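The following paragraphs lead through the structure shown here, from strand pairing to the overall fold and on to individual side chains.

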Amino acid sequence: MASSSTSVTPSSHLATKLARPRAISSHFSSNPNSLNISFPSKNGSFKLRRNATSITLKTLFAHDPKAAVITKDTWEKSVMNSDAPVLVEFYASWCGPCMMVHRIIDEIASEYAGRLSCFILNTDTDFPVAEVYNIMAVPVVLLFKNGERKESVVGTMPKEYYIAAIERILKS
């Protein structure tokens, strides 16, 4: 899955430069070949190389997705024939708000494990499924029960909106 959140701890040299705000051009050389970023290393760290100076950034957290990726090939089995209620987030990899919804859906997937199946579907690669449900913009979250669409949440909403829709499905 393309979604990944990473936080890093910069070295003191980089932290000093970032603590004193300047134009981005003063942080990096105007020569585009003088900056090299390689990641990740085997130990999970990242290297930022500027000319001969190398800075290592350590990964503190890497996002571990809880919602499974679903495609048009797995749609029928995973959604339409599921015994449990199903939540599907329709997203696009270029969509910033979708990444915010991903985090919420992953939290929900953990909290409702065993009672609700959570999936994400990339509308760029699996447009035929999105077309069936008239998904014209992303993010959209659809909730299914017994293979039937029961609820939808359009756009980026607070977690409580998703929870309320889920609870209505679970009680029905």
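A convenient place to begin is a single residue pair: Val140 stands opposite Val154 in strand β9. The coordinates belong to a predicted model, and the values given below are computed from it. Val140 also has a partner in another strand, for Phe90 stands opposite Val140 in β8. These two pairs lead into the sheet to which the strands belong.

The strand β8 covers residues 140-145, and β9 covers residues 148-154. The two strands run antiparallel and are joined by six bridges. They form a hairpin with two residues between the strands, and within this hairpin Asn146 takes a positive phi near 55 degrees. Strand β6, residues 86-91, is joined to β8 by five bridges, and this pair too runs antiparallel.

The wider arrangement can now be described. The sheet is open and consists of five strands in the order β5-β7-β6-β8-β9, with mixed pairing. At its edges lie β5, residues 68-69, and β9, each of which pairs on one side only. The parallel part of the pairing involves β7. Six bridges hold β6 and β7 together in the parallel sense, and Tyr91 stands opposite Asn122 in β7. Two bridges connect β5 and β7, again in the parallel sense, with Ala68 placed opposite Phe119 in β7.

How enclosed is strand β7 by the rest of the structure? Five of the six residues in this strand, which spans residues 117-122, are buried, so β7 is largely enclosed by the rest of the structure. One residue within that range is Cys118, whose relative accessibility is 8%; because buried means under 20%, Cys118 counts as buried. A general point helps in reading any such sheet: in a regular strand, side chains alternate between the two faces.

It is useful to set this sheet within the whole chain. The chain has six helices and nine strands. It comprises 172 residues, of which 35% count as buried. Among the contacts with a separation of 6 or more, 63% are accounted for by residues 24 or more positions apart. The chain exposes about 10200 Å², and carbon and sulfur atoms supply 55% of that area.

Aromatic side chains provide a second view of the fold. A pair of aromatic rings is described by the distance between the centres and the angle between the planes. Counting as pairs those rings whose centres lie within 6.5 Å, the model contains five aromatic pairs. In one of them, the rings of Trp75 and Tyr133 have their centres 5.6 Å apart and their planes at 50 degrees, so this pair is tilted. Trp75 lies in helix α3 (residues 75-80), whereas Tyr133 lies in the loop between α5 (127-132) and β8; the pair therefore ties together parts that are 58 residues apart in sequence. Trp75 and Tyr133 are both buried.

Trp75 also pairs with Phe144, in an edge-to-face arrangement with 5.6 Å from centre to centre and 85 degrees between the planes. Since Trp75 belongs to helix α3 and Phe144 to strand β8, this pair ties together parts that are 69 residues apart in sequence. Like Trp75, Phe144 is buried. Ring pairs link Trp75, Phe90, Tyr133 and Phe144 into a cluster. Phe90, named earlier as standing opposite Val140, thus appears in both the strand pairing and the aromatic cluster.

Helix α3 leads on to Ser82, which is placed in the loop between α3 and β6. Is Ser82 buried or exposed? Its relative accessibility is 13%, which is under the 20% limit, so Ser82 counts as buried. A polar atom of the Ser82 side chain lies 2.8 Å from the backbone oxygen of Ala84. Leaving aside residues up to four places away in sequence, Ser82 touches Lys77 and Ser117.

A covalent link completes the description. A disulfide is a covalent bond between the sulfur atoms of two cysteines, and this structure holds one. It joins Cys95 to Cys98, with a distance of 2.4 Å from S to S. The link of Cys95 and Cys98 is right-handed, with 80 degrees about the S-S bond. Both Cys95 and Cys98 are buried.

Conventions. Residues are numbered from 1 along each chain as its sequence is written. This is a predicted model: local features need pLDDT of at least 70, side-chain atom pairs count only at pLDDT 80 or more; totals for chains, interfaces and linings use all residues. Side-chain values use heavy atoms; hydrogens and water are left out. Rings of Phe, Tyr and Trp (its six-membered ring) pair if their centres lie within 6.5 Å; planes under 30 degrees apart count as stacked, over 60 as edge-to-face and the rest as tilted. Helices (H or I, at least four residues) and strands (E, at least two) are DSSP runs, numbered from the N terminus. Buried means under 20% relative accessible area, exposed over 50%, partly exposed in between (1.4 Å probe, protein chains only). Two strands pair if DSSP finds at least two bridges between them. A disulfide is a pair of cysteine sulfur atoms within 2.5 Å. A polar contact is a pair of N or O atoms within 3.5 Å; within protein, one must be able to donate a hydrogen and the other to accept it, and residues adjacent in sequence count only if both atoms are side-chain atoms. Contact means heavy atoms within 4.5 Å. Accessible areas come from the Shrake-Rupley method with a 1.4 Å probe; for residues, only the protein chains shown count as cover.
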